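Trainee: Hey, I've just been handed this one and I'm new to it. Can you walk me through it?

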Amino acid sequence: MRLNPGSAPVVDAATRHVVVADDVSGRMLVLDAVSGRQIDTVGIGVSARPWLRPQPWLVVDEHSGRIVELPGGGTTIDIRDGTNGQLLHAVTVGSNPAGVAIDEQSGRILVTTLGPIDRMHGPTGAGSLQVVDERTGALVRTVPVGMAPYVVALDGPARRALVFNMGGGTVRVPDPWGWMPPWLRRALPFLPRATSRTRTVPASVTIIDTSRL
């Protein structure tokens, strides 16, 4: 079977299905992992490609058989039936979702969202981790993280989620003398001149206790 370059496949061991999402054609294919036979085709729409990844991101929960699709743009994630690819829930998670993982122990979906971006798709503020109930599709919690979170990884035995923040955006550095009235500052010429300064936010890792989500 011919697919577009960069198509995103996942294997559901419980159902022995391979699901391939392709936002170029706007289709999701469900294949038999043993024979390669095409079982179903589901329309997912052609989506705009975000700056961090070119294709939809699929994650499978082998315990429940559900598949979580992070479309290539927008503000939602899709929870699908792993047997046929049919949509169960479309969940609004916030601006510019970038990464997703499933905590199979708790049935929680963890989604990193970049938050606000500028015209060049650079981050202008802190991102967040959105926590979604996989069974109901309800958004249950929002956890603030660093700037430009792009990947979330799970350490199941330790009950920890590691959110990797790319950083790179700029923030304003506060003036330590900004509290002083301008007239008083002019009367004290030895004080440094008021300037607008910025700094680049470094990359970071946010560690979250998943047992509390």
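Mentor: Sure, and one term first: two strands pair if DSSP finds at least two bridges between them. Keep in mind too that this is a predicted model.

Trainee: OK, so how many bridges join strand 6 to strand 7?
Mentor: Four, and the two strands run antiparallel. Within that pairing, Ile67 stands opposite Arg80 in strand 7.

Trainee: And what about strand 5 and strand 6, in which sense do they pair?
Mentor: Antiparallel again, over four bridges, with strand 5 covering residues 57-60. In strand 6, Val68 is the bridge partner of Val59. The two strands form a hairpin with five residues between them, and Gly65 in the turn has a positive phi of about 80°.

Trainee: Is strand 6 largely enclosed or largely open?
Mentor: Largely enclosed by the rest of the structure, because four of its five residues are buried.

Trainee: Which residues make up the largest nonpolar core?
Mentor: There are 12 of them, including Val59, Val68, Leu70, Ile77, Val93 and Val132. Strand 6 (66-70), strand 7 (76-81), strand 9 (97-103) and strand 10 (108-113) each supply at least two residues of this core. There's also a second, separate core of 11 residues, which includes Leu110, Val143, Val145 and Ala161.

Trainee: Any general reason to expect something like that?
Mentor: In soluble globular proteins, nonpolar side chains tend to be buried together.

Trainee: Pick one core residue for me. What is Val93 in contact with?
Mentor: Leaving aside neighbours within four places in sequence, Val93 is in contact with Thr75, Thr76, Ile77, Val111, Thr113, Gln130 and Val132.

Trainee: Thr113 is on that list. What is the bridge partner of Thr113 in strand 11?
Mentor: Ser128. Strand 10 and strand 11 (residues 126-133) run antiparallel and are joined by six bridges.

Trainee: In what order do the strands of the open sheet come?
Mentor: The order is 9-10-11-12, so to speak of four strands, with antiparallel pairing.

Trainee: Which ones stand at the edges?
Mentor: Strand 9 and strand 12 (139-147). Each has a single partner strand, so one side of each is left without a neighbour in the sheet. Neighbouring strands of this sheet are turned by 20° against each other on average, direction ignored.

Trainee: Switching to charges: how many salt bridges does the structure hold?
Mentor: Seven. One of them is formed by Arg66 with Glu134, the closest N and O atoms being 3.5 Å apart. That pair links distant parts of the chain, with Arg66 in strand 6 and Glu134 in the loop between strand 11 and strand 12, 68 residues apart.

Trainee: Is Glu134 buried or exposed?
Mentor: Glu134 counts as buried, at 2% relative accessibility. Arg66 counts as partly exposed, at 22%.

Trainee: Which salt bridges does Asp209 take part in?
Mentor: The side chain of Asp209 meets that of Arg160 in a salt bridge (3.4 Å, N to O). Asp209 lies in strand 17 and Arg160 in strand 14, so the pair ties together parts that are 49 residues apart in sequence. Asp209 also forms a salt bridge with Arg212, where the closest N and O atoms are 3.6 Å apart. Arg212 counts as exposed, at 65% relative accessibility. Elsewhere, salt bridges that share partners join Glu69, Asp78 and Arg80 into one network.

Trainee: And Thr210, is that buried or exposed?
Mentor: Thr210 counts as buried, at 3% relative accessibility. Thr210 is found in the segment after strand 17 (204-209). Setting aside neighbours within four places in sequence, Thr210 is in contact with Asp103, Leu110, Leu154, Arg159, Arg160 and Ala161.

Trainee: Last topic, backbone angles. What is the phi of Arg159?
Mentor: Near 55°, a positive value in a residue other than glycine. Arg159 is found in the loop between strand 13 and strand 14 (160-165). Ala148 has a positive phi too, near 60°.

Trainee: Why point those out?
Mentor: Because most residues other than glycine have a negative phi.

Trainee: Where is Ala148 placed?
Mentor: In the loop between strand 12 and strand 13 (149-155). At 0% relative accessibility, Ala148 counts as buried.

Conventions
Residues are numbered from 1 along each chain as its sequence is written. This is a predicted model: local features need pLDDT of at least 70, side-chain atom pairs count only at pLDDT 80 or more; totals for chains, interfaces and linings use all residues. Side-chain values use heavy atoms; hydrogens and water are left out. A nonpolar core is a set of buried Ala, Val, Leu, Ile, Met, Phe, Trp, Tyr and Cys residues joined through side-chain atoms within 4.5 Å. Buried means under 20% relative accessible area, exposed over 50%, partly exposed in between (1.4 Å probe, protein chains only). Contact means heavy atoms within 4.5 Å. Axes are lines fitted to C-alpha atoms, for helices over the stretch in contact, and angles run from 0 to 180 degrees between N-to-C directions. A salt bridge is a side-chain nitrogen of Lys or Arg within 4 Å of a carboxyl oxygen of Asp or Glu.
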